[in-house]
Amino acid sequence: MRKLIISMHTSIDGYTAGPNGEMDWIRFDDALFDFVGEFTDRSDTALYGRVTYDLMEAYWPTAGSQPNANRHAKHHSAWYNKVTKVVVSTTLQDDPSKKLQVISADLKSNIEKLKNETGGDILVFGSPSIVRQLEEHNLIDEYWLMMNPIILGSGISMYSKDIQQLKLEPGESTSFSCGVTALSFKKR
């Protein structure tokens, strides 16, 4: 069975973005990019909500071919272009030329089917509204939280207000010189 893994930057108080979607507080460095690259190397499917997909699609397909592209941009762009992109949306349509599959209804059974297929991990970057839905259906196997040293006070949370208590097993933790600490938690 394939694992569904969440990789999300978060503030200490659990927000993934500011009240208006601001993410200018997120820290990163080359070591963190390399660390996240290990997730992408093990995955062959990216799962997004439509808003996050639109942001990714506007940038990553050509980011690696730009004259000023750094090593990270080249690596992530190549990964983005080769993986299957599964998007939860009621407005998009499947597009094989972009390796795009759309889930427009019955998220739970479609994700369970996807997890039962053969292949690499299914990776979710961003998309807090989709993460909340996945939590409600207990579909997440592993969380990787990139804890940034900031308290936002308010914003967009990846946690559902309606979620039932979910006990997780702590896993690895890694600190980076940019101040971010990566924390992993696995489903029991």
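Here is a short walk through this predicted model, starting with its sheet and ending with two loop residues.

Let's begin with the strands. Strands of a sheet pair through backbone hydrogen bonds, either parallel or antiparallel. In this model, eight strands build an open sheet with mixed pairing. If you trace across the sheet, you will meet them in the order β5-β4-β3-β6-β1-β7-β10-β9. Which strands stand at the edges? They are β5 (100–103) and β9 (168–175), and each has a single partner strand, so one side of each is left without a neighbour in the sheet. From one strand to the next, the twist averages 20°.

Take a look at the edge strand β5. Its pairing with β4 (residues 84–88) is in the parallel sense and covers four bridges. To find one of these pairings by residue, look for K85, whose bridge partner in β5 is L100.

Now turn to the helices that lie across these strands. Helix α4 (residues 107–116) lies across β1, β3, β4, β5 and β6, and runs at about 140° to β5. Helix α1 (residues 30–42) lies across β1 (4–10), β3 (43–49), β6 (121–125), β7 (142–147), β9 and β10 (181–187). Relative to β7, α1 runs at about 165°.

Finally, visit two loops. Between β5 and α4 you will find D106, which has a positive phi of about 50° although it is not a glycine. The loop between β6 and α5 (128–136) holds S127, another non-glycine residue with a positive phi, here near 60°. Is S127 buried or exposed? With a relative accessible area of 3%, S127 is buried, because that term applies under 20%.

How values were computed: Residues numbered from 1 in each chain as written. Predicted model: local features only at pLDDT ≥ 70, side-chain atom pairs only at ≥ 80, totals over all residues. Heavy atoms only, no water. Pairing = 2+ DSSP bridges. Axes fitted to C-alpha atoms, helices over the stretch in contact; angles between N-to-C directions. Contact = heavy atoms within 4.5 Å. Buried < 20%, exposed > 50% of the residue type's maximum accessible area, 1.4 Å probe, protein only.
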